[in-house]
Amino acid sequence: MIEAIIEELIGLVVEGMVEGSKSSRVPKPLRCVLGIILLLMYAALIGICLIAAITAFRDGSVGFGIFMAALILFFIAAAVIKVNKVRRGK
């Protein structure tokens, strides 16, 4: 029960940061701070997946390592696409 509440709260915070970083009604310095926080969150997520992939390859679990490497590439591609959409204003 508490896990669902925490998950929803974190989802609302992240969604608020995404919308706030794109909104022209939010002051520019605050948008930059929100964008940097989001960038750091995505970088941390990619870093955790990278550590898991390296550990999996080192332990001999090639299938899981390939899955994690593919997940990393997916996160990077999604982040690049999202940044390009925001920069172009679409």
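This report walks through the overall build of a predicted protein model and then looks at three of its residues.

Because the model is predicted, local features need pLDDT of at least 70 and side-chain atom pairs count only at pLDDT 80 or more, while totals for chains, interfaces and linings use all residues. Residues are numbered from 1 along each chain as its sequence is written, and side-chain values use heavy atoms, with hydrogens and water left out.

**The whole protein**

Let's start with the fold. The protein has three helices and zero strands, giving the pattern α-α-α along the sequence. Here helices (H or I, at least four residues) and strands (E, at least two) are DSSP runs, numbered from the N terminus.

How does the radius of gyration relate to that of a compact globule of 90 residues? The protein has 16 Å, whereas such a globule would have a value near 12 Å. This radius is taken over C-alpha atoms, and the globule rule is 2.2 Å times the number of residues to the power 0.38. Along the principal axes, the C-alpha atoms fill a box of roughly 50 × 40 × 20 Å.

Of the 90 residues, 16% count as buried. Buried means under 20% relative accessible area, exposed means over 50%, and partly exposed lies in between (1.4 Å probe, protein chains only). Among contacts with a separation of 6 or more, 29% come from residues 24 or more positions apart; a contact means heavy atoms within 4.5 Å.

**Three residues up close**

| Residue | Place | Relative accessibility |
|---|---|---|
| Ser21 | helix α1 | 19% |
| Ser23 | loop between α1 (2–22) and α2 (28–59) | 19% |
| Gly47 | helix α2 | 27% |

Is Ser21 buried or exposed? Ser21 counts as buried because its relative accessibility is 19%. A polar atom of its side chain lies 2.8 Å from the backbone oxygen of Val18. Leaving out residues up to four places away in sequence, Ser21 touches Arg31, Leu34, Gly35 and Leu38.

Ser23, in the loop between α1 and α2, also has a side-chain polar atom to look at: this atom is 3.2 Å from the backbone nitrogen of Arg25. With a relative accessibility of 19%, Ser23 counts as buried.

Finally, turn to Gly47 in helix α2. Its relative accessible area is 27%, so Gly47 is partly exposed. Gly47 and Ile72 are 25 residues apart in sequence, and their C-alpha atoms are 8.6 Å apart in space.

Conventions:
Polar contact = N/O pair within 3.5 Å; in protein donor to acceptor, adjacent residues only side chain to side chain.
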